[in-house]
Structure formats: C-alpha cells, structure tokens
Amino acid sequence: MSLIPRRLSEIDLSRRDRLVVYYITGLALLALLYTVVYNLALARLEGVNQSLFASFEFIVQTMTTTGYGQDSGLWSHPLMYLFVAGAQLSGIAIGFFTLRLIIIPLFTGADVNLDNRLTTKRDHVIICEYRRDSAVLLDELRELDIEYVLISSSEENARELSDKGYSAIHGSPQDATAFERASIDTAQAVITDAGDANVNTILTVRSIRSDIEIITLTDDSDLRDILLDSGADTVLSPHGVLGHRLAEKAVSSFSTELTDTIDLGGDLEVTEIPVHHGSRLIGTRIRNSNIREETGATIIGAWIDGELQLPPDPDAIIQPNTVLLVSGAHDALEEFSDFTRPARTLRQHERIIIAGQGEVGQAARSVIADEEIDVVTIDIEDREGVDIVGEAGSEDVLREAGIETAGAIIIGLPDDSASLLTTVVTRSLNSNIEILVRVSDTDATRKALSGGADYVLSVPRVSARMVAKELRGEEVLAPASQIRLIRVPADPLAGSTLAESGIYEQTGCRIIAVEDDTGLTSTIDPQRRFTGDERITLVGSDEAVQRFLKRFDVSPMVKKSRDTARD
C-alpha cells in the first residue's frame, strides 16, 4: 500500500482554528459596516460630516465598552439613538463570545473539543489505542508526512497528546461514531493496538468499511490466525520479533558461527557486535584497534554512550557498552566477532538465562532451543516453561539460576524499573556476562546501558519501524536492531557526487553500499557521480533516516509484498 504525502499547501487549518479565523474576520467586517453606517447616518440625519477614521474610533470605543460620550452631543434623531444602543449591546454580546471562544481555551484549555483541533484528513491512517509510547510512532508518521488520527479511550491521554500538537481525539474504537469523527471514509488504513479489544475493533471497522487496510499489533503471536480471521490484513508481533533478535545476539556472542548478520547482497553483510566486558578492545581508541587489518571487517558506525556515531570518531575510546556496526564478507564478520569476544571459560559459554517468560522471553527461548545451549528461565509466575519462580532482580534468584557462570542473560521483563534493577544486580554478580535488555520506554535505553547492559532494544522503536514498513512498503533491512538500515533509489542524487550531496552533513545518515548494473559495492568513491539508476543502502538512527527521506523526498524501496495479507 502506498500513502502519498500531502503537500504543505494542501494542509488545512484545524476546525477550531478555522472557527477563530471566521470569527475574527466577521468581527472586523461588522466593525467596518458599523463605521460606514454610523458615518453616513451622521451626515444624512444630523448634518454632521466627519472622517471615517473618527467614526471608526467611536465604533471601536462603543463595541469594546471603553467609551460612549464622545459624540453624544451630535445626536438628536431617534434612529441615531437606536443605532448606538444596538452597537453597544452587540459589543457586549461579542465580548462574551470572544471570552468563551478564544480567551478561556487559550489560557486555561477548559472544555476544548479535541475534534475541533483536527485538520481535514485525506488518505490518512487511523490509530486505535496505541500502547507503545504513542509519541514515537506519531513522530515517525509525521516525519514521513503520513497524516493520521489517533483514537484513545483515555480522555486524559487524548488531551495530553492533542495539547502537544498530535492529532488525537477521545473515543472508543469499538464505537463506529469514533471512526466517523476520524474521517474513516477518506482514510487509507487503520492500525489497532487495542489488546483484548482488537477483535471488537476489527469487526467495528469492517462494519463501516470492508475495503480499508487493517494492521493489527499484538503481544500474543498465538492470536495471529484469530485476528486474521476477524478481518485484519496484517498482524504484527513486535515483542516476538524483539525476542528473536535478542536471542540471536545472545547465541552469536559465543557461537562459532555468526547468525544475526544483515545480508545486503553479494558478499556484503552488516552486523552489530557489542563489545563485551573483558574484551581486549576495552580502552582502545578506534583508530588503534587494527580491526580492519586483523579481520578484514570495516567499522561503519558505533553506539558510544547511547549515541550513534556515523562514522565513529577515530579517537573515540571503546567502552564496555559500545556497540560496533561493521560491514564486510561473512568470514570477515565472524573473524571480527571472535576478535572482540572476551576470554571466557567453557563453563561460562554453556548457559543463557532468560528473565521473564512473556512474549519476549518465549520468543527468545524458541530460538535458543535449536542450539546446544542450556537455558534457565525466571518468571514471577509459576507457569509452563519456567524453571525458577521469583523476582529476577533478586540476588538469590539470580544465583540460583547460575548467573555467576552464565554466558548471557536476556532480560525481557515488562517493567523497565525491574529490568534496570536486574541489569545492575547481574553486572555486580558477573562482570563478564553479556546482558541483553528489552525496554518499554525509549528513555530507558541510555539508563540500561549506563547500568551495564551490552545491548538494548526499545519496544516502541521496533514497533514504529514495523508499522512504517507496512504503511510505506519500506525495505527496513533490520526492524529489530539498534540502528536503521534502508534501501532507496538514487534518483535524488542523479548528477551529483556523494561529496556534493551533503547527505551526512544534512541528515546524519551514511551510505554504506551502492548497487548498479555491475553489482553491489561497499567501496564508495566520494567523487563518484550518480546516474540515478543505482540503489543505495543507508544506515542511521530513526531520526536521521526520517530526515533523509524528508530532505531528499524519496520513498524506501519495496522488497516484497507482505506475506501476511488476507486470503
């Protein structure tokens, strides 16, 4: 499905703003009409000739109730008294309307109808009950020029988002009138993240429009078939994808084979490798690491102290929580993984602990089950597949799980505070263990890294990327990663060189590969002149990629059609 961004000239004022504009315009026209009538009445009925400016001043004084007696000695005709009295009364009435329509909402926000703040929508997306940090997804859509309306059953949440400038209204996604208020007749898609109410929401949407695209997010991948049967076109399970990714990183950290690389085509692959505690690279400047000379892999970026550097500062010092983004042939990346791995005993390599057996933990366990690695699971509830029942942040529980000799721990707890506590306690008990963490709040990412985590994934980020991929057909090469990789056509660069394009300076993205008729290459000459027929692969943070797409007015390429479409 393709969503065509609307031009700035087509963006309408919100309903409330239009009312204010109409009101002020009408008020100005009324004052001008009063001025002309008063001026002519003085001349015809009283024989007094005065300038329009003097008459305008009198009308303004009268309507604003700041003065009445300036011209009182000029009147004798009854119609003049009636006109002036009418102007005074209309001024008082207008004052009340102005107070209610503009002044009170402006300074107190009292009793504002959120629907009145909506601009006219066409080809937009309706989002229902988004539960994964709405601002992250809404910012993503706004940067991609995708119009949207968010429906929230929480009036407080809807008002808070609306006050921040987001298009949000209060209503129940199980009520057809909420969708009508969100202009479903002109919408292109509905995104529902309503939990247990997803089926109800889907059926409500289908009762209104049978042809609209419905994308459903769920925390329970077992419900996929049920949601598809209910009428969803696509079902996304961000927690499952995130759990798989964390497990792949954990397995690859001490496996002889590197399995979590991103294949760009040809012999070129990209991967993220955390620099673990105890690695020989700790304390080394990137320029002195000799990584390319010893492994053949090329460092193209690095997460240092929670900040993505593209390319990394050569003088940056590699720290325990640094994640290096490297490219090269598969053999080179495996050599690099071995190069960064700390010296551990065999006993430490045999166990992975999974804290939390929700969707994330279960997905991680399914990946590790295919490996010859011991898995110990911790959960606060005694359920199937749980080895140890207790709080994952407890030293006693972690020791019972064998944390002191484990090679890695995947922390998939739903509460960020519990995840951060578990991270800090784990690091205090085992300085060499690899810690991989899922967080529910993007702001917790930096805290987890500061607490000793090696690799952190944010549920809101992963969810937003997956939704954007569905809406735009965007070829996100790795939705569940700390960086964003996309492939786009080189049309906007036609006739210019990489040096002239200013991509990195203007957006913060970096081109890591170019594909043309001769094949794919990662060796890019800054003076190479693009024809526009190439395909380029970019890497950057979510914000940087959004800036690139907006600045160069280009849409990511579509890799393939969705395989989750309805029959």
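Here are some friendly notes for a first look at this predicted model.

1. **The overall picture.** The protein has 567 residues, and 53% of them are buried. Its secondary structure comes to 19 helices and 21 strands. Among the contacts with a separation of 6 or more, 66% link residues that lie 24 or more positions apart. About 25500 Å² of the protein is exposed, and carbon and sulfur atoms supply 50% of that area.

2. **How far to trust it.** The mean pLDDT is 82, and 87% of the residues reach 70 or more. Two stretches deserve some care. Over residues 345-349 the pLDDT stays under 50, and the model has nine contacts beyond four places in sequence for them. Over residues 559-567 the pLDDT is also below 50, and that stretch has 17 contacts in the model beyond near neighbours in sequence. Where pLDDT is low, the predicted coordinates should not be read in detail.

3. **A sheet to find early on.** In what order do the six strands of the open sheet stand? The order is β3-β2-β1-β4-β5-β6, and the pairing is parallel. The edges are taken by β3 (168-170) and β6 (234-236); each has a single partner strand, so one side of each is left without a neighbour in the sheet. On average, neighbouring strands are turned by 20° against each other, direction ignored. Helix α4 (residues 134-143) packs on this sheet, where it touches β1 (125-128) and β2 (148-152), and the direction of α4 makes about 165° with that of β2.

4. **Strand β1 and its two partners.** Strand β1 runs parallel to β2, joined to it by four bridges. Four bridges also join β1 to strand β4 (residues 189-192), again in parallel. For landmarks, look for Ile-126 opposite Val-149 in β2, and for Ile-127 with its bridge partner Ile-191 in β4. Which way do the side chains of β1 point? Val-125 and Ile-127 point one way, Ile-126 and Cys-128 point the other way, and all of these are buried.

5. **The far end of the sheet.** Strand β5 (residues 213-217) pairs with β6 in the parallel sense over three bridges. One place to see this pairing is Ile-215, whose bridge partner in β6 is Thr-234.

6. **Backbone details around β1.** Asp-123 sits in the loop between α3 (78-108) and β1. Although Asp-123 is not a glycine, it has a positive phi of about 55°. Glu-129, in the loop between β1 and α4, also has a positive phi of about 55° without being a glycine. Are these two residues buried or exposed, or in between? Asp-123 has 37% relative accessibility, so it counts as partly exposed. Glu-129 has 18%, which is under the 20% cut-off, so it counts as buried.

7. **Helix α2.** This helix (residues 52-63) has twelve residues and reaches 16 Å from its first C-alpha to its last, close to the 16 Å expected at 1.5 Å a residue. Its buried residues are Ser-55, Phe-58, Ile-59, Gln-61, Thr-62 and Met-63. As background for reading such a list, an α-helix has 3.6 residues a turn, so residues three or four places apart point the same way. Just after α2, Thr-65 takes a positive phi of about 55°.

8. **Ile-208 and its contacts.** Ile-208 belongs to helix α7 (residues 198-208). What does Ile-208 touch, not counting residues up to four places away in sequence? The answer is Ala-176, Phe-179 and Ile-184. The C-alpha atoms of Ile-208 and Ile-184 are separated by 8.3 Å, although the two residues are 24 residues apart along the chain. With 26% relative accessibility, Ile-208 lies between the 20% and 50% cut-offs, so it counts as partly exposed.

9. **A cis peptide bond.** The bond from Leu-310 to Pro-311 is cis, with omega near -10°. To find it, go to the loop between β10 (307-309) and β11 (323-328), where Pro-311 lies.

Terms used: Residues are numbered from 1 along each chain as its sequence is written. This is a predicted model: local features need pLDDT of at least 70, side-chain atom pairs count only at pLDDT 80 or more; totals for chains, interfaces and linings use all residues. Side-chain values use heavy atoms; hydrogens and water are left out. Two strands pair if DSSP finds at least two bridges between them. Helices (H or I, at least four residues) and strands (E, at least two) are DSSP runs, numbered from the N terminus. Axes are lines fitted to C-alpha atoms, for helices over the stretch in contact, and angles run from 0 to 180 degrees between N-to-C directions. Contact means heavy atoms within 4.5 Å. Buried means under 20% relative accessible area, exposed over 50%, partly exposed in between (1.4 Å probe, protein chains only). Accessible areas come from the Shrake-Rupley method with a 1.4 Å probe; for residues, only the protein chains shown count as cover. The expected span of a helix is 1.5 Å times one less than its number of residues. pLDDT is the predictor's confidence in each residue, from 0 to 100.
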